[in-house]
Amino acid sequence: MARKVNPIQDRARRAALEKAAYLAIYERGYAGVTLADIAAHAGVSRGTLVYHFGSRAGLLAAVMRRFSRTIAVATRRAVRLSGTPEGKLRAYVDNQFYGLVNTRRFYTVSLDFLAAATRDAELMTMQRAFLAESLAVDLELARLAGSAGAEGRARLLRAIVEGLSVRFLADPDPDLALYRADCMTGLRAVLGWPPENADVREQGSPELA
């Protein structure tokens with residue numbers, strides 16, 4: 001008789017395994033991590049991982065889908081819940097640089113994944129899907145400066161975030177507040193807003209831009 005599977009418990013178990021795999025990828029690298037490494041992290045057998053994901057490739061693909069989507073969804077929610085253009089921009093930046101440990105983990109794994117995707121068509125398909133999802137959030141922010149030229153501004157917003165993420169990873173002692181401030185400065189410039197310390201009475205506020 002086949003074992004009955006509780007879908008809620010199954011989803012929770014998969015999520016826990018994917019989190020363990022994410023941490024193992026961070027420590028070992030995408031190319032080097034094995035099912036044995038992930039099983040040790042999760043405190044389960046290799047067979048459990050195979051049961052839930054089929055293979056190493058299936059597990060790693062699930063990990064990247066989950067954590068890439070988590071960032072995009074969290075950013076979109078934070079931006080939409082903010083009441084003012086200034087608040088939306090701040091929420092966007094905070095979600096791109098969310099704590100020292102989380103930021104380092106996410107961008108380390110993301111860049112590792114991108115490097116692997118350059119040699120794997122299936123992974124590149126996933127990478128492009130993630131970029132498309134990210135661009136949707138970027139486009140929403142870019143439209144704060146109007147619809148005309150929004151797609152170009154969205155690409156520039158993403159380029160600033162990605163450039164700062166690489167610099168963050170190379171920084172031996174990153175100051176999170178500084179990276180957020182640099183990101184804010186760059187994004188405000190792309191949107192055509194005055195610097196945060198500018199006299200808004202003379203230059204205009206983003207709410208009225």
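Student: In the salt bridge of Arg-28 with Asp-37, how far apart are the closest N and O atoms?
Tutor: This is a predicted model, in which local features need pLDDT of at least 70 and side-chain atom pairs count only at pLDDT 80 or more, while totals for chains, interfaces and linings use all residues. Residues are numbered from 1 along each chain as its sequence is written, and side-chain values use heavy atoms, with hydrogens and water left out. A salt bridge requires a side-chain nitrogen of Lys or Arg within 4 Å of a carboxyl oxygen of Asp or Glu. For Arg-28 and Asp-37, the closest N and O atoms are separated by 3.8 Å.

Student: Is Asp-37 buried or exposed?
Tutor: Relative accessible area decides the class: under 20% is buried, over 50% is exposed, and in between is partly exposed (1.4 Å probe, protein chains only). Its partner Arg-28, at 56%, is exposed. Asp-37 has a relative accessible area of 17%, so the residue is classed as buried.

Student: Which residue forms a salt bridge with Glu-140?
Tutor: Glu-140 is partly exposed at 25% relative accessibility, and the N to O distance in its salt bridge is 3.1 Å. Helices here are DSSP runs (H or I, at least four residues), numbered from the N terminus. Glu-140 lies in helix α7 (residues 121–142) and its partner in helix α4 (residues 56–81), so the pair ties together parts 60 residues apart in sequence. The partner, exposed at 52%, is Arg-80.

Student: Which residue of helix α9 is linked to Arg-167?
Tutor: Arg-167 belongs to helix α8 (residues 150–170), and its partner, 15 residues away, to helix α9 (residues 176–191). Arg-167 is partly exposed at 40%, and the partner is partly exposed at 29%. The closest N and O atoms are 2.6 Å apart, and the partner is Asp-182.

Student: How many salt bridges does the structure hold?
Tutor: Some share partners, joining Arg-14, Glu-18 and Arg-66 into one network. The number of salt bridges in the structure is 9.

Student: At roughly what angle do the axes of helices α2 and α3 cross?
Tutor: Axes are lines fitted to C-alpha atoms, for helices over the stretch in contact, and angles between N-to-C directions run from 0 to 180 degrees. Under 35 degrees counts as roughly parallel, over 145 as roughly antiparallel, 65 to 115 as roughly perpendicular and the rest as oblique. The axes of α2 (residues 35–42) and α3 (residues 46–53) come within 8 Å and cross at roughly 100°. The relation of α2 to α3 is therefore roughly perpendicular, the crossing angle being roughly 100°.

Note on methods:
Helix = DSSP H or I, 4+ residues; strand = E, 2+ residues; numbered from the N terminus.
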